[in-house]
Amino acid sequence: KTMASMYRRPRGGGNPLPPSYRNKALLIIAAIAVYTAFLYHSGGAGQYLGTDTAAPDPNLSASALSGMAAMANSNRKLQVSTWNVAAINNNPFEYWITYDENPAYETIMSDIEAFLENPGAQDVPVSQVFTEEMFAELEKRMDGVGWDNVRSYWDNDFKNRKIIQGFMKDPLLGSKRLASMPDRITNTINVLGSDLPVCRPTVINMYDGDLSTLPLWWSAWEKFMFDTPLTIQSKDGSFTEPPYKMLQPIKKAKYPDITEEEEKVSLPLQTMCGAIFDAILVHMMNTVSSPDVWQSLKKTMVENLNRQKVPHTLDILENVYGSSDIITLQEVSGSLIEQARNRPLGQRFWIVAPGSMDAVRDQNSVILLAKETFPAGPSAEITSLVESSFEPGVTVPVAKGDILAITATDRDGIPFVVASFHGDTNGLATKPVLSAIMKGMASDSSLVTHKLV
């Protein structure tokens with residue numbers, strides 16, 4: 001129905017719209033038009049359509065047009081898949097699974113839920129689980145590596161919190177990433193020379209040491225964090241350092257809820273919160289079940305679910321998404337990349353990793369190009385162009401390995417820019433990254449005619 005037809009006399013007779021209604025409708029339409037123009041010129045649509053576009057390369061333009069025509073004539077469609085494979089997630093208790101072979105599983109999971117939802121008298125202060133003695137030992141360790149002291153946070157706040165309502169369920173603790181960030185970095189660490197990763201002593205990974213008591217857990221946790229040098233493979237070689245050195249500051253630009261004071265001491269503060277978090281998990285499991293039951297159950301689940309995660313992920317990529325022309329992956333570990341290249345997937349696809357991989361977080365964006373569709377493979381990586389196109393003076397919350405942007409030409413001669421991007425939870429990076437990709441493409445005559453995936 002056209003706008004003009006709205007004001008015609010109805011065919012079946014009746015009265016036309018009153019003038020007041022017509023005026024209101026016209027006013028609304030005019031307002032929408034003005035607002036759209038405002039958004040365009042203030043950085044909305046204009047940022048994506050581009051206002052300063054380089055003159056396209058005529059040869060590339062001709063090739064692109066010819067390729068698009070050939071693609072249309074053959075009815076060929078581009079099949080694209082994307083998957084955040086969450087390399088760091090090795091928690092056997094992350095999901096409630098069907099496990100009929102062992103009735104203890106259902107009991108434990110139900111008791112965990114009850115402990116978290118209705119803890120009652122079991123919601124004790126943090127200091128009864130992560131004790132004063134444990135904090136004093138941790139404080140000595142952190143002082144010894146030159147970090148700022150965070151005793152005031154312990155004395156005035158954290159030790160008095162209730163373990164469930166005050167800590168595990170505190171939404172601010174989650175949005176500040178004070179417990180999840182150290183877990184992300186140290187949960188599961190792939191090391192050079194070993195097929196098996198090294199895991200932080202905690203309930204929520206593949207750690208197979210004894211967690212039957214808090215003292216046993218604390219001794220292993222402290223040794224892991226501060227006394228266990230691990231050799232990590234990077235793109236440029238390898239480096240060796242203990243896990244505490246792998247931790248990264250929590251930036252207010254990426255996680256706005258963290259205060260400026262907390263940002264300054266985010267290394268020791270997240271280490272303390274990570275220790276409290278793990279202590280509560282160990283305490284909870286030994287409260288709802290006996291150590292011999294839950295630890296035996298965990299080992300079985302880890303063997304069947306987590307240790308086979310990379311092979312299972314690759315099986316799915318090969319058998320379910322293997323017909324794709326382009327696959328973009330996020331949060332990919334270096335181990336998965338290496339194994340993929342040595343499997344049939346590597347024979348079928350060009351597997352492209354960032355030139356600057358993140359070996360510490362071990363979470364990287366990756367692109368797979370079907371060799372049949374892209375016989376020449378990737379042409380160039382343009383991630384640096386994207387990053388240099390960020391708005392000046394604006395801090396974009398992305399880390400090394402989060403963005404991978406490449407160029408490639410398909411078999412019909414169509415030039416593509418393909419980007420794989422892992423956005424932050426709050427979506428703060430989505431618009432500036434997409435804007436930077438569009439800006440970078442618009443600024444380069446050789447990229448203007450490329451199709452963006």
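## S365 in its strand

Let's start with S365, which sits in strand β8, a run covering residues 364–370. This is a predicted model, and in it S365 has a relative accessible area of 0%. The cut-off for buried is under 20%, so S365 counts as buried.

The side chain of S365 has a polar partner too: one of its polar atoms is 2.7 Å from the backbone oxygen of D402. D402 also turns up in the contact list of S365, once neighbours within four places in sequence are set aside. That list runs through L329, Q330 and P354, then G401, D402, I403 and L404, and finally S420, F421 and H422.

## The nonpolar cores

Now for the greasy parts. The largest nonpolar core has 70 residues, and the members touching the most others are F130, L138, F158, V203, W217, M272 and I276. Helix α12 (residues 266–288) is the top contributor to this core, giving 13 residues.

Take F130 as a way in: skipping neighbours within four places in sequence, F130 contacts F135, L138, W154, W217, W218, A275, I276 and A279.

There's also a second, separate core of 18 residues, with L329, V332, I337 and A353 among them. L329 is one of the residues in contact with S365.

## The whole protein

Zooming out, the protein has 453 residues, 45% of them buried, and its secondary structure comes to 18 helices and 12 strands. Of the contacts between residues at least 6 apart in sequence, 72% link residues at least 24 apart.

As for the surface, about 22400 Å² is exposed, with 54% of that supplied by carbon and sulfur atoms.

Methods:
Residues numbered from 1 in each chain as written. Predicted model: local features only at pLDDT ≥ 70, side-chain atom pairs only at ≥ 80, totals over all residues. Heavy atoms only, no water. Helix = DSSP H or I, 4+ residues; strand = E, 2+ residues; numbered from the N terminus. Buried < 20%, exposed > 50% of the residue type's maximum accessible area, 1.4 Å probe, protein only. Contact = heavy atoms within 4.5 Å. Areas by Shrake-Rupley, 256 points an atom, 1.4 Å probe, with all protein chains shown as cover. Polar contact = N/O pair within 3.5 Å; in protein donor to acceptor, adjacent residues only side chain to side chain. Core = buried A, V, L, I, M, F, W, Y, C linked by side-chain atoms within 4.5 Å.
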